[in-house]
Protein chains: 2
Amino acid sequence: MSSKPTMRDVARKSGLSIATVSRVINFPDQVPAETAKVVTAAMAYLNYRPNINGRRLKMTHTRTVGVVVPTLANPVFATAVQGIEQDANAKGLTVLLTSSNYDPEREMGAVSALLNNRVDGLILTLANADNNPVVDLLLAEKIPFVLLFNQPSRADIAAISVDNAQSAYDITTAMIAKGHRSLAMVAGHFESSDRSRQRYDGFCRALDDAGIPQKNLVQVRFDEADLVGPLGALLCGPEKVTGVVCSTDMLAIAAMNACRAHGLSVPDDVSVGGIDGISVGGLITPKLCSAVQPTQEMGRQALAFLRGLIKGQANPQSLLLPHHLSAGESIGSYRGTDQHCSST
Amino acid sequence: MSSKPTMRDVARKSGLSIATVSRVINFPDQVPAETAKVVTAAMAYLNYRPNINGRRLKMTHTRTVGVVVPTLANPVFATAVQGIEQDANAKGLTVLLTSSNYDPEREMGAVSALLNNRVDGLILTLANADNNPVVDLLLAEKIPFVLLFNQPSRADIAAISVDNAQSAYDITTAMIAKGHRSLAMVAGHFESSDRSRQRYDGFCRALDDAGIPQKNLVQVRFDEADLVGPLGALLCGPEKVTGVVCSTDMLAIAAMNACRAHGLSVPDDVSVGGIDGISVGGLITPKLCSAVQPTQEMGRQALAFLRGLIKGQANPQSLLLPHHLSAGESIGSYRGTDQHCSST
DNA sequence: ATGAAGGTTTGAAACGTTTACATTGGCGGA
DNA sequence: TCCGCCAATGTAAACGTTTCAAACCTTCAT
């Protein structure tokens, strides 16, 4: 009696067989109301709880999905996971969460662990979606999976993202349109994020289209909050950068902070733009101008897509969702470089 | 061959018994190196993956912990979960994540689902920790659990939190020390969060200690980003509130935004303080002054504590962690109420 | 030669489900 | 009366592990 009651106990208590109890639980309509009542009463009396692990062992699917993101410390991923999680729970799916900290080794470890859990499918944001052993593994094992935020070059693997290069192109172009000619990009390390590189490509293309040869780039850790040092040379050096495009909104917020630390006003002295569209961006001053992606919706869509793959109803394909520039205040018109860098 | 290889297959392949294979996996040192090598080779050859669900069914513990938080959209919870998740994965524990959206019914549903998964223990942030059916259920079922952020009145249930009332007291007092006498609190709905009420209590106590009778309170939804309306009456009405204490940093950021929408400068016209200490608070301008809690560390501690409970090495008890006021710029000296509310 | 000791290995019974298949019993039609 | 059918229920074999008790060697002292 000390251990948890099992279906067998319920069967005994209700004077019926274990098969009938199972049917009451799984196919209530295949069983007479009277019988169902008896069984339900027994279950309530015994405080019975189905052991999902027993079920999982027997059934071919586990009604479980694995999620791997770089970190929850960046609201972009937290928001996406929030979307995934909400819908998953509404559908009775269990979410197994892991974060990789942008580390490919940990990505593999996490996926491996999730496969051992026999997840029905996976939603992942990988450091680099191309030539990725994790992707190869998943394809080999024929496990349904959807990449989220990644924008792989292969078209035959499922992925939900915005057009990263175009996002960066758009925000950069907006800055150029305001007269800025000396621009820099602050990006997370490329090896930690293919998005980062793709966004840098878009940045470069925008400069090329505007005939600006000089392309400044500073790569930083994604969780770097202190950009005072990294940005110092660009803002205060000979370049006198007046426009800073950041590969993420988190970096953009840190960049604005760094500008002020150098005695520069945003957007009067320096314009700053981000990419992602995290919600705090819209609340701060100056309002962050950003290439916004529908983050939470993307999480939802990734799950919906994954469910389709699991049911075999859909084929893997990449989906590009539309982004838009937010009407921010962090990008202003070029006003010269007179008052640059009061403090170093 | 189409299905996944099992331990039986590995046993057959290596010419050994299933029991030996199991021992190689779980107790490699109880097995001669030679045998281990043979088995490992077979596993590699067959691409064997242990099915954790089989193990879970047999074993009394599942090496799985459930996590329930209100939402990941608030960085406080995301950060805490990040802490939990990192350590859990390092220890080989699987994390089952659910969010309740501050809804007690969904809390119960989530916990119920997690119990069906036979989690070894739970970490939860509940809307209200006192007289909570979820807590009763968990106690009745003798499932180890740790409350996180909740500060229950019972001392015999495990909880990791800061002193919520004192946090609010401190930030309020800091504001009063700057000369503010007309204060208001913006708090999330009390029925969604006992922290919210506890913090309001601290706010009131601070006012009492300062001999200020007028206690303004506006309750809002936690995900409310637009406080322009809710704060309008207080900022522009007869009260001419010059100090706004918010029950969370997210609300504080929204409040600063609302102040500016009313044409008021922070901190020149209105001071704003928050509670939580989310990291963006330190990056924005003005730097948010907040009662900071060690969020990620709290997640880690909750997990460590939970593991102790699971092993039976610890007894449930409430732990109060220290908080501190951040040196922010969002609280300034009282300068009168001349220039109040340029735009409504 | 015999047996005890001890290191390896194995057989088989769980764990809590699901489900294909067998059984039961009641009822209508021939 | 008998047959067949159908709905309701039951039987038992999986699913992939872990683990206890038993069996099987070697080796070695007697």
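A salt bridge is a side-chain nitrogen of Lys or Arg within 4 Å of a carboxyl oxygen of Asp or Glu. The exercises below use that cut-off. The model is predicted.

**Exercise 1. Test the pair Arg195(A) and Asp194(A) as a salt bridge, then place both residues by burial.**

Solution.
- Step 1. Take the closest N and O atoms of Arg195(A) and Asp194(A): they are 3.0 Å apart.
- Step 2. Compare with the cut-off, which is within 4 Å. The pair forms a salt bridge.
- Step 3. Turn to burial, which means under 20% relative accessible area.
- Step 4. Arg195(A) has a relative accessible area of 5%, so Arg195(A) is buried. Asp194(A) stands at 7% and counts as buried too.

**Exercise 2. Do the same for Asp208(A) and Lys215(A).**

Solution.
- Step 1. The closest N and O atoms of Asp208(A) and Lys215(A) are 2.8 Å apart, and the two form a salt bridge.
- Step 2. The class between buried and exposed runs from 20% to 50%.
- Step 3. Asp208(A) has 46% relative accessibility, so it counts as partly exposed.
- Step 4. Lys215(A) has a relative accessible area of 25%, so it is partly exposed.

**Exercise 3. Work out which parts of chain B the pair Arg300(B) and Asp87(B) ties together.**

Solution.
- Step 1. Arg300(B) and Asp87(B) form a salt bridge, with the closest N and O atoms 3.1 Å apart.
- Step 2. Locate each partner. Arg300(B) lies in helix α12 (residues 295-311) of chain B, and Asp87(B) lies in helix α5 (residues 75-90) of chain B.
- Step 3. The pair therefore ties together parts that are 213 residues apart in sequence.
- Step 4. Check exposure. Arg300(B) is partly exposed, with a relative accessible area of 24%. Asp87(B) also counts as partly exposed, at 24% relative accessibility.

**Exercise 4. Describe the interface between chain A and chain B, from its extent to its charged pairs.**

Solution.
- Step 1. Count the residues. 45 residues of chain A are in contact with 45 residues of chain B.
- Step 2. Give the area. About 4,400 Å² is buried between chain A and chain B, and carbon and sulfur atoms give 49% of it.
- Step 3. Name the main contributors. In chain A, Arg49(A), Arg118(A) and Leu283(A) lose the most area to chain B. Together they make up 16% of what that side buries.
- Step 4. Count the polar links. There are 32 residue pairs in polar contact between the chains, both residues at pLDDT 80 or more.
- Step 5. List the elements. Those giving two or more residues to the chain A side are α4 (52-58), α5 (75-90), β2 (94-99), α6 (104-116), α7 (133-141) and α11 (249-261) of chain A.
- Step 6. Sort that side by class. It has 19 nonpolar, 18 polar and eight charged residues.
- Step 7. Count the salt bridges. Four join chain A and chain B, while the structure holds 22 over all chains.
- Step 8. Look at one of them. Glu141(B) forms a salt bridge with Arg49(A), the closest N and O atoms being 3.3 Å apart. Lys4(A), Arg49(A) and Glu141(B) are linked in a network of salt bridges.

**Exercise 5. Find the place of Thr98(A), and list what Thr98(A) touches.**

Solution.
- Step 1. Thr98(A) sits in strand β2 of chain A.
- Step 2. Its relative accessibility is 3%, so Thr98(A) counts as buried.
- Step 3. Leave out residues up to four places away in sequence. In chain A, Thr98(A) then touches Val67(A), Val68(A), Val69(A), Ala110(A) and Leu114(A).
- Step 4. Across in chain B, Thr98(A) touches Glu85(B) and Asn89(B).

**Exercise 6. Find the place of Ala210(B), and list what Ala210(B) touches.**

Solution.
- Step 1. Ala210(B) is in the loop between α9 (194-209) and β7 (216-220) of chain B.
- Step 2. Its relative accessible area is 25%, so Ala210(B) is partly exposed.
- Step 3. Not counting residues up to four places away in sequence, Ala210(B) touches Ile176(B) and Arg181(B).
- Step 4. Take a distance. The C-alpha atoms of Ala210(B) and Leu97(B) are separated by 43 Å, and the two residues are 113 apart along the chain.

**Exercise 7. Sum up the overall form of chain A.**

Solution.
- Step 1. Chain A has twelve helices and twelve strands.
- Step 2. Its C-alpha trace spans about 90 × 35 × 30 Å along the principal axes.
- Step 3. The radius of gyration of chain A is 26 Å, whereas a compact globule of 344 residues would have one near 20 Å.
- Step 4. Buried residues make up 55% of the 344 residues in chain A.
- Step 5. Among contacts in chain A between residues at least 6 apart in sequence, 72% join residues at least 24 apart.

How values were computed:
Residues are numbered from 1 along each chain as its sequence is written. Chains are lettered from A and ligands numbered from 1 in the order in which they are written. This is a predicted model: local features need pLDDT of at least 70, side-chain atom pairs count only at pLDDT 80 or more; totals for chains, interfaces and linings use all residues. Side-chain values use heavy atoms; hydrogens and water are left out. Contact means heavy atoms within 4.5 Å. Buried area is the accessible area (1.4 Å probe) that two parts lose on being put together, summed over both. A polar contact is a pair of N or O atoms within 3.5 Å; within protein, one must be able to donate a hydrogen and the other to accept it, and residues adjacent in sequence count only if both atoms are side-chain atoms. Helices (H or I, at least four residues) and strands (E, at least two) are DSSP runs, numbered from the N terminus. Ala, Val, Leu, Ile, Met, Phe, Trp, Tyr, Cys and Pro count as nonpolar, Asp, Glu, Lys and Arg as charged, and the others, Gly among them, as polar. The radius of gyration is taken over C-alpha atoms; the globule rule is 2.2 Å times the number of residues to the power 0.38. Buried means under 20% relative accessible area, exposed over 50%, partly exposed in between (1.4 Å probe, protein chains only).
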